[in-house]
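Biologist: Please go through the disulfides and one of the cavities with me.

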Amino acid sequence: MVYKKETRGRGDGKKRVRGRKTFFTNLKKEGLILEPDPSDEDNVEDPSDGDNVEDQSDEHNVEEENGNIFIKVHAPWSVLARYAEEMKIKMPYKENDVKKPTDVSWRLSGWVIRALHLQMIIDFFAPSEKFIPPESNYFTLAFVRSRKEEFAKVEEDNFFSSATRIRIVHEILEKAVYEPEILDEAGKTKSPSKFGFIHMVANGLLSACFPLHDGDGRSKHSTSNSRRLLYEGWASPKMVFKQQPLDLIRTYYGEKIGLYFSWLGYYTIMLTYASILGIVTLILGSITIGSDVKIDEICNEDGPGQLLMCPLCNEDCDYWHLSSSCFYSKFTYLFDNWATVIFAIFMSLWATMFCEFWKRREHTLQYEWDLFGFEDHEENVRPEFEAKVTETRESPITKEEEPYVPKKTRMTRLMQSILVVIFMILLVVAAVISVIIYRIAIKTVMSRSDNEVASVMSSLVTSVTASFISVILIMVLQFVYEKIAVRLTDLELHRTETEYEDSFIVKMYLFAFVNYYSTSFYIAFIKGKIPGNPHDYGKVFGLRQEECDASGCMQELFINIAVIMIVKQVVNNVMELGIPVTLGCIRSYKERQERRRGRGEKKQWEKDFDLAELGPRGLFKEYLEMVIQFGFTTIFVCAFPLAPLFALFNNLIEIRLDAFKFISQLRRPNAARAQDIGAWYTILLGVGNLSVLTNALVLAFTSEFIPQVVYKHRYGSGSLAGYMDFSLSHFNTEDFEAGSAPVDSEFSNITDCRYRGFYESTLPYNVSNEKWGILRWKLLFVLIYEHVIYSIKFLIAYIIPDVRGFVKNQIRRENYLAQQALHEFMLQKAPKDDEDVRIGGASNA
């Protein structure tokens, strides 16, 4: 615990001193040992000093006035054992004697490993035993003090892990009262009691309260403590391809952080399979690009490539040859080919398999980490809630007065919050529209350029620059909205931290979803769908609506997703690495300066106090970053098959950066427990289900897949020859709308030009029957695709059991041993109870 010495009896100083004294006294009553820093012993407030606060002159040592007082908190064995029994903490009891499964699947996997000599590969990725020794596998049993000798660990010093000790001390600090309740003359509660170090930090009674790290994790002279082992075997860049030491992470940081890194590691492993298939899709596109009939027609300058296309802008743009789209058609084919459909189907099923297999893995961890049946204790009231709420009511549970927000007030605040969220989402839409206008304007300007290269590359340059502008707007709006979301969630006056976090997560993810994916939705499903025709162009704010290239809009969707995803990952990683390293350099410089002044080396608790705090939202930003990435790798993956590969590279770095941050840049957080990853799993399921529909729509309406299939089997007699002539409509140049015909054209006597779409060749250029026929096939494809994939997804979810049979057997075995141990304990206790009864009966006689 850290606090600043009160040196003058002004303001709330006396109240803070009384609060700390009451708190320290109650901690000692619980059995905790408070050990002040030897250098601060003369400044520590003594609980026996009453309400006195030193009133010292201005000549008092300023360093002492502004300095921090450090109090180390120890829990002796008696306290640890008592609370471990009350909290029903499970401890190792007997060695696990359940044999490994020998069913067909396990025998087959073992045979495959031996046949393909995969054991060397498995050993390569396994954690290094040099740094991370393997842990013994024990059945566990709820701890009972009177049966301490029956447990596997008997030495009191090492009986409880560091995370368990932190949990117990945290429980005591969270419940200790620092301001007793005040009663009025009628004996009713006038001011309820206040308790918990979290409230004290929020109210300024403490500067900080945190667990200490195990020594210096990065120093080569440091002993082999857990922090040093984690740095060498987890955070070190040398371990980038090694599996994470999850048991040691859980032992040091607790189950909640352990679950996050377990989930992140499992997600990264699953990305490996998706990355391989994405690379294969791209390779197949590269190999078969020379045999594609559509590309041959576009690039054939002596054939269909000579088709004259209508101008891309009004007046200043000239006619152009179809062969100008040769580069775009080749680029598009790399990821828009027959293999893309297979890849999209695989990724739709991959999302389900990831969620289901993770749930299975999560249940295994719940057993191994004793999280089955875990229930959070009743949460304390948030200090902000206590401070802001003025009305009270009688609690239906405790029958005591408690802060209360009436439903009418809560609904009013909630509606205000909803309106602001809607406004911010509309602001994102406005930002997207501004980017659309930019795209239209820039493409128009470049298309009018006399430079042939600029004119030909106008679509690519526009897509890239617009995507970079989108990234900048996304990050700025995300930063601003996070501040607003905190204010809105504060406004809603949530009683507990869980309610607060759930509300915050909903706001942030809803906004992030619209913010990050809106431009991709525009390109995929709006751009080029209603451009009109040269006789009556569709317009946005007086400007002609964007048209897709003759080869389609897939390449623009590819570029947009790639730029947003990759730039976002690079910026996040630079910030995660750059900021901690910069702060570390500043701390090192200050320490060197202090040593030169003769102040000596900082103590461990002083070094830990200088580190950054994890923050009130905990792992929220880490989860949000990964869930947004999950959306990029699933929602539009058929347009960017390399998304899983870039996500894989990012996550390999992300794991080590997060590990480095936790080990060396952050204070050690409380060893919190959690049964699962919470609401994020529901979001992942929702994104996975949405990806089925979006990929079906992209394949049907953005890709050329359906029109080509329809032409090949209905119009082309099994061949795509003539497809480009079929997909481009005719336009009589005499029918240009006013102000849109090219001025000073290089071409003369042009009576007919072509444009993308299925329209009739005479006024009023209505949509042709072929358009409606292809639309029916597109809708039918979407209907069949999503029904088949959803059916398979639900079948997979049904077939894959949530808990492996091997784990079920271990759970049954552990429950049996627990019942057997209780039975033996009762038998041992029975003779003593009978003797007590006989002695009591004789005395009464």
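The exchange below covers these two topics.

Modeller: This is a predicted model, in which local features need pLDDT of at least 70, side-chain atom pairs count only at pLDDT 80 or more, and totals for chains, interfaces and linings use all residues. Residues are numbered from 1 along each chain as its sequence is written, and side-chain values use heavy atoms, with hydrogens and water left out.

Biologist: What is the handedness of the disulfide of Cys299 and Cys326?

Modeller: A disulfide is a pair of cysteine sulfur atoms within 2.5 Å, and those of Cys299 and Cys326 lie 1.9 Å apart. The torsion about their S-S bond is about 100°, so the disulfide is right-handed.

Biologist: Is Cys326 buried or exposed?

Modeller: Buried means under 20% relative accessible area, exposed over 50%, and partly exposed in between (1.4 Å probe, protein chains only). Cys299, at 23%, therefore counts as partly exposed. Cys326 has a relative accessible area of 17%, so Cys326 is buried.

Biologist: How many residues apart are Cys310 and Cys753?

Modeller: A disulfide joins Cys310 to Cys753, with an S to S distance of 2.0 Å. The pair links distant parts of the chain, with Cys753 in strand 19 (strands are DSSP runs of E, at least two residues, numbered from the N terminus). The separation of Cys310 and Cys753 is 443 residues.

Biologist: Which strand gives the largest share of the lining of the second largest cavity?

Modeller: On a 1 Å grid over the protein atoms alone, a cavity is a set of points where a 1.4 Å probe fits but cannot get out, and lining residues have an atom within 4 Å of a point. Of the 14 residues that line the second largest cavity, the closest to its centre include Tyr755 and Arg756. The largest share, three residues, comes from strand 19.

Terms used
On a 1 Å grid over the protein atoms alone, a cavity is a set of points where a 1.4 Å probe fits but cannot get out, and a pocket is an open set with protein on both sides within 12 Å along at least five of seven lines; lining residues have an atom within 4 Å of a point. Helices (H or I, at least four residues) and strands (E, at least two) are DSSP runs, numbered from the N terminus.
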